[in-house]
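Welcome! Have the structure open beside you and try each exercise before you read its solution.

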Amino acid sequence: MEYAKRMTRIKESTTFKYSALARKPGVIDLTIGRTNYDTPKAIKDATKKALDEGKVHYTPTKGIPELRERIAEKLIAVNGIEGIDKEKVLVSAGAKQLIFEAVLATVNEGDTVAIPDPSWVSYESIVEFAGGMVDWLPTYPEEGFIPGERFFSALENSMPKLIFLNSPNNPTGAVYPKKVIKRIADIAARKNAWLVSDEIYEELIYEGEHFSAGSIYDKCIVVNGYSKNLSMTGWRLGYAACRDKEIIDKMNMIQEQSVSCATSFAQYGAVAAYGKDAGKETATMREDLRKRRDYLIGRLEDLDVVCVKPSGAFYAFPSFKEDDDIKLADKLIENGVATVPGSPFGSKGKGCLRLSYGASKIEELEEAVKRIERTIQ
Ligand SMILES: Cc1ncc(COP(=O)(O)O)c(C=O)c1O
């Protein structure tokens, strides 16, 4: 069977691949990009109410106005992004769909897109699917995976149409300081490049503070959502916002001709995310995740494995002596612990594994580290 040529430019998602391999009895699953918490009750109650009230039809393609208003208020009050209103906000079926729309709306065949190395696996694939070419911007474990001089020199030498920024970062957990984000935004402005600031782990920070590039750069498309901080990965709900309304309208055109709108009752439920009850649950979860992180990092240190202490998200990204991370991840699955190999996140992930502590309690992490220890010895 002959398929469209563009299918040669899209890769299978390594994270989904290894999550599927993890679904075997007895395997401890450290692959998943989610927590083991339930969605806050206030959100579920508001969703049930919407269903009972018959809110089951198409919504405006950009999303229901009451949700977009809450999002705009939050972006102004919490992130300092002045000038946002509900017309500059687009709600969609997850942050991933919005990143797809942002790239399709801005990147031409042959355009360059600059991506920090390592980064979430989907950026590269989405860019290549759109016909773009990736310039990798290296980050290093000895610098805590925070952009340093080698990153900035690569960025200065690049002519990107779009630059990706993701803090806290998947897979490294690095939280970029404000001055680093400002420097990236300054270069983007000088090069007249779009910035996509993926802030999906914003509320899962243990040290440092979140700073949104959207507050200082008009061509910054801020992407965020509910998957991680409110344990809503299955709801498929996220949002994008930009001070430049035109880009949001272009992305909305792609939305009109694809998903039409995000699920109606999920949107009504998400309005409750802005009440104080849902926020309290995120705070409880964050403290629990911090304990898991401290435990896991401590145990990896005992094994003499090099691992930068992640300041955010729920991943550790240790580096192993075994250079072939794919072989190592496969061997680990045979030994009862599933992880994601590091090299698909970029060449700087070679020899690393991504361990998610989002969905595993400390007892499971304890057993997982024992299995890793047995495998690498
Ligand atoms: C950095 C990053 N951005 C976006 C997403 C996707 O989020 P959503 O579930 O809202 O599509 C993920 C999920 O793993 C992620 O790690």
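**Exercise 1.** Find Leu162 and work out whether Leu162 is buried or exposed.

*Solution.* Begin with the count: Leu162 has 24 other C-beta atoms within 10 Å, so it is buried. The rule is that 20 or more other C-beta atoms within 10 Å of a residue's own make it buried, 12 or fewer make it exposed, and anything in between is partly exposed, with C-beta atoms placed from the backbone. A word on what you are looking at: this is a predicted model, in which local features need pLDDT of at least 70 and side-chain atom pairs count only at pLDDT 80 or more, while totals for chains, interfaces and linings use all residues. Residue numbers start from 1 along each chain as its sequence is written.

Next, place the residue: Leu162 belongs to strand E5. Helices (H or I, at least four residues) and strands (E, at least two) are DSSP runs, numbered from the N terminus.

Then list the contacts. Leaving aside neighbours within four places in sequence, Leu162 meets Val103, Thr106, Val107, Val113, Ala193, Trp194 and Val196; a contact means that the C-beta atoms of two residues, placed from the backbone, lie within 7 Å.

**Exercise 2.** Now do the same for Ile126: which residues does Ile126 touch, not counting residues up to four places away in sequence?

*Solution.* Start from helix H5 (residues 121-129), where Ile126 sits. Ile126 is buried, because 22 other C-beta atoms lie within 10 Å. Its contacts are Ile99, Phe100 and Val103. Finally, compare sequence and space: Ile126 and Lys96 are 30 residues apart in sequence, and their C-alpha atoms are 9.4 Å apart.

**Exercise 3.** Trace the open sheet and say which strands stand at the edges.

*Solution.* First write down the order of the seven strands, E2-E8-E7-E6-E5-E3-E4, and note that the pairing is mixed. Strand E2 (89-92) and strand E4 (133-138) are at the edges; each has a single partner strand, so one side of each lacks a neighbour in the sheet. From one strand to the next, the twist averages 20°.

Now check some pairs, remembering that two strands pair if DSSP finds at least two bridges between them:

- Strand E3 (residues 112-117) and E4 are parallel, with six bridges, and Ile115 has Trp136 in E4 as its bridge partner.
- E2 and E8 run antiparallel and share four bridges, with Ser92 opposite Gly238 in E8.
- E7 and E8 are antiparallel too, again joined by four bridges, and Asn224 has Tyr239 in E8 as its bridge partner.

Last, look at both faces of E8: Gly238 and Ala240 are buried on one side, and Tyr239 and Ala241 are buried on the other.

**Exercise 4.** How many residues does each domain bring to the contact between domain 1 and domain 2?

*Solution.* Take the bounds first: domain 1 is 5-39 + 277-376 and domain 2 is 41-275, as given by an automatic or database domain assignment. Their C-alpha centres lie 23 Å apart. The contact takes 39 residues from domain 1 and 41 residues from domain 2. On the domain 1 side, helix H1 (14-22), helix H10 (276-302) and strand E9 (315-316) each supply at least two residues. The largest share of that side, seven residues, comes from H10.

Key: Axes fitted to C-alpha atoms, helices over the stretch in contact; angles between N-to-C directions.
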